[in-house]
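Colleague: Before I use this model, could you take me through how its parts are packed together?

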Amino acid sequence: MALLPQTLRSRVPSTVRDDVRLRAAAVGLGLIPPRAMHSEEDTRVLLDAAAGARRVVEIGVYEGASALLLARSLGPGAELHLIDPFGRRPDALPSGWEASEWATRRLLARELRSLGASAPDVRWHVELSHETALGWQQEVDLVFIDGDHSKEGCERDWHDWRGFVRPGGHVVFHDARAGIEGGAGLPGPTAVVEGELREGGTPGWEIVAEAGATVAARRVKSRADSGVTDA
């Protein structure tokens, strides 16, 4: 199916457009695009950090808008690991904004078919991010943190995943520039970036790019003591 024209979509009442079940069906069938949660500035920071990456982890997939961008940019032979509990944290999003695992999987599957031989290997982890981290052992080029937006949740993702990032690799935070001129974001991710990367910083890490609501940090320290092995 093809996307419905924007002129037609704009005429749909919000009560219908935001109905969780109807929206899931429309996204899954390809009638409407996923909600774009990232600006052009955010996209540029994320895709610059993903350039040349061979293994990427995205925490917080939602309707799949950023996963589509990553799938299109990574290329064949790369791995894109998508982590989202899809409904196990019902308080994580405003009422009516819940995402459907079925719809998001269909969206990505459709995109991968269209990419054909140039598609990356997409692997799903339908669970909480710390559950995935417990059994993780592989080196990662990029971790995109866009899941639990509480300070505690974002901080846990940072501490759980940063040790798997190779030297020169990146962790990208979304919604992490609240209160900064020209920026946007939410208190939780912003507080983590302020505390872990700006105010004295975390040894071996440096902010290398930021715009809109997004901040990219690069690992500059050796991982010899991390205990992580590639596979």
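What follows is an exchange about the fold, the aromatic pairs, the cores and one helix crossing.

Modeller: This is a predicted model, in which local features need pLDDT of at least 70 and side-chain atom pairs count only at pLDDT 80 or more, while totals for chains, interfaces and linings use all residues. Residues are numbered from 1 along each chain as its sequence is written, and side-chain values use heavy atoms, with hydrogens and water left out.

Colleague: How many helices and strands does the protein have?

Modeller: The elements are DSSP runs numbered from the N terminus, with helices being H or I runs of at least four residues and strands E runs of at least two. Counted in this way, the protein has nine helices and seven strands.

Colleague: What share of the residues is buried?

Modeller: Buried means under 20% relative accessible area, exposed means over 50%, and partly exposed lies in between, with a 1.4 Å probe and protein chains only. Of the 231 residues in the protein, the buried ones make up 46%.

Colleague: Why is the pair of Phe86 and Trp124 called tilted?

Modeller: Rings of Phe, Tyr and Trp (its six-membered ring) pair if their centres lie within 6.5 Å, and planes under 30 degrees apart count as stacked, over 60 as edge-to-face and the rest as tilted. By this rule there are five aromatic pairs. For Phe86 and Trp124 the ring centres are 6.4 Å apart and the planes stand at 45°, so the pair is tilted.

Colleague: How many residues apart in sequence are the parts that this pair ties together?

Modeller: Phe86, which counts as buried at 14% relative accessibility, lies in the loop between strand S2 (79-83) and helix H6 (101-115). Trp124 is in strand S3 (residues 121-125), so the parts tied together by the pair are apart in sequence by 38 residues.

Colleague: Which elements hold Trp158 and Phe173?

Modeller: Trp158 and Phe173 form a tilted aromatic pair, at 5.6 Å centre to centre and 50° between the planes. Trp158 is buried at 0% relative accessibility, and Phe173 is buried with a relative accessible area of 0%. The pair links distant parts of the chain, 15 residues apart, with Trp158 in helix H8 (residues 151-161) and Phe173 in strand S5 (residues 165-173).

Colleague: Which element gives the most to the largest nonpolar core?

Modeller: A nonpolar core is a set of buried Ala, Val, Leu, Ile, Met, Phe, Trp, Tyr and Cys residues joined through side-chain atoms within 4.5 Å. The largest has 28 residues, and those with the most contacts inside it are Leu80 and Leu142. Helix H4 (40-50), helix H5 (65-74), S2, H6 and strand S4 (140-145) each give two or more residues, and the element giving the most, with five residues, is H5.

Colleague: Which residues does Val122 touch?

Modeller: Val122 is in strand S3 and counts as buried at 16% relative accessibility. Contact means heavy atoms within 4.5 Å, and, not counting residues up to four places away in sequence, Val122 touches Leu80, Leu82 and Leu112.

Colleague: How are H8 and H9 oriented to each other?

Modeller: Axes are lines fitted to C-alpha atoms, for helices over the stretch in contact, and angles run from 0 to 180 degrees between N-to-C directions. The axes of H8 and helix H9 (residues 187-198) come within 8 Å and cross at roughly 45°. Angles under 35 degrees count as roughly parallel, over 145 as roughly antiparallel, 65 to 115 as roughly perpendicular and the rest as oblique. H8 and H9 are therefore oblique.
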